[in-house]
Amino acid sequence: MNVLLLGASGFVGSHFLSFLRKNNIYVKGTHYKNVLRDTMYFDSLNMNLNDIIEDNIYTIGFILLGETKIDPCKIDQKRSRMLNVYSICLLYTSPSPRDKR
């Protein structure tokens, strides 16, 4: 199994990443602000999955990215909606790496 973990640097994502690695499951995670070892930078508001996926080697993916802190969501509701709703919708509508061929 090859896992793509979007949002591996968050609280839940970092624990899940650790669990998968401890169980010898190949996982490639993404980070935005909090850089973790062996993860890729991914800005879901300004990048497409095709920007980080070179080969179609992943058999499963988990989406754990987003703004989870209440204060930033309250202060900038537009950005929060863009990140937590719109960017996730884009993940489902963007062409897959197979479509690039």
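The following legends describe close-up views of a predicted protein model.

**Figure 1. Overall architecture of the predicted model.** The protein contains 3 helices and 4 strands. Read from the N terminus, these elements follow the order β-α-β-β-β-α-α. The C-alpha trace extends over about 40 × 35 × 15 Å along its principal axes. The radius of gyration is 14 Å, which agrees with the value near 13 Å for a compact globule of 101 residues. Of these 101 residues, 34% count as buried. The exposed surface amounts to about 7,000 Å², and carbon and sulfur atoms supply 54% of that area. Among contacts with a separation of 6 or more, 54% are between residues 24 or more positions apart.

**Figure 2. The largest nonpolar core.** This core has 11 residues. Leu4, Leu6, Met40, Phe42, Leu49 and Ile52 are among them, and the set also includes Ile53, Tyr58, Leu65, Ile88 and Leu91. Strand S1 (2-6) and helix H3 (77-93) are the elements that give two or more residues to the core. A second, separate core of 6 residues includes Val3, Leu5, Leu17 and Val27.

**Figure 3. Surroundings of tyrosine 58.** Tyrosine 58 belongs to the largest nonpolar core. With residues up to four places away in sequence set aside, its contacts are Asn2, Val3, Leu4, Tyr26, Lys28, Met40 and Ile53. Of these partners, Leu4, Met40 and Ile53 are also listed in the largest core, whereas Val3 is listed in the second one.

**Figure 4. Pairing of strands S1 and S2.** Strand S1 is mostly covered, with 4 of its 5 residues buried. S1 and S2 run parallel and are joined by 4 bridges. Within this pairing, valine 3 stands opposite valine 27 in S2. Both valines are included in the second core.

**Figure 5. Valine 27 in strand S2.** Valine 27 is placed in strand S2. Its relative accessibility is 7%, and the residue therefore counts as buried. Beyond residues up to four places away in sequence, valine 27 touches Val3, Leu5, Leu17, Leu20 and Arg21. Among these partners, Val3, Leu5 and Leu17 are included with valine 27 in the second core. The C-alpha atoms of valine 27 and aspartate 38 are 9.4 Å apart in space, and the two residues are 11 residues apart in sequence.

**Figure 6. Histidine 31 and its polar contact.** Histidine 31 is located in strand S2, which covers residues 26-31. With a relative accessible area of 8%, histidine 31 is buried. Its side chain forms a polar contact of 2.7 Å with the side chain of threonine 39. When neighbours within four places in sequence are left aside, histidine 31 is in contact with Ser9, Leu36, Thr39, Met40, Tyr41 and Phe42. Two of these partners, Met40 and Phe42, are listed in the largest nonpolar core.

**Figure 7. Two loop residues with positive phi.** Most residues other than glycine have a negative phi. Asparagine 24 nevertheless has a positive phi near 55°. This residue is found in the loop between helix H1 (11-22) and S2, and asparagine 24 is exposed, with a relative accessible area of 73%. Aspartate 38 likewise has a positive phi, of about 60°, although it is not a glycine. Aspartate 38 is found in the loop between S2 and strand S3 (39-41). At 46% relative accessibility, aspartate 38 counts as partly exposed.

**Figure 8. Isoleucine 70 and serine 80 in helices H2 and H3.** Isoleucine 70 lies in helix H2, which covers residues 70-75, and serine 80 is found in helix H3. The two residues are 10 residues apart in sequence, with a C-alpha to C-alpha distance of 9.7 Å. Isoleucine 70 has a relative accessibility of 67% and so counts as exposed. Serine 80, by contrast, counts as buried at 10% relative accessibility. Not counting residues up to four places away in sequence, serine 80 touches Cys73 and Val85.

Technical notes
Residues numbered from 1 in each chain as written. Predicted model: local features only at pLDDT ≥ 70, side-chain atom pairs only at ≥ 80, totals over all residues. Heavy atoms only, no water. Core = buried A, V, L, I, M, F, W, Y, C linked by side-chain atoms within 4.5 Å. Buried < 20%, exposed > 50% of the residue type's maximum accessible area, 1.4 Å probe, protein only. Contact = heavy atoms within 4.5 Å. Polar contact = N/O pair within 3.5 Å; in protein donor to acceptor, adjacent residues only side chain to side chain. Rg over C-alpha atoms; globule rule 2.2 N^0.38 Å. Areas by Shrake-Rupley, 256 points an atom, 1.4 Å probe, with all protein chains shown as cover. Pairing = 2+ DSSP bridges.
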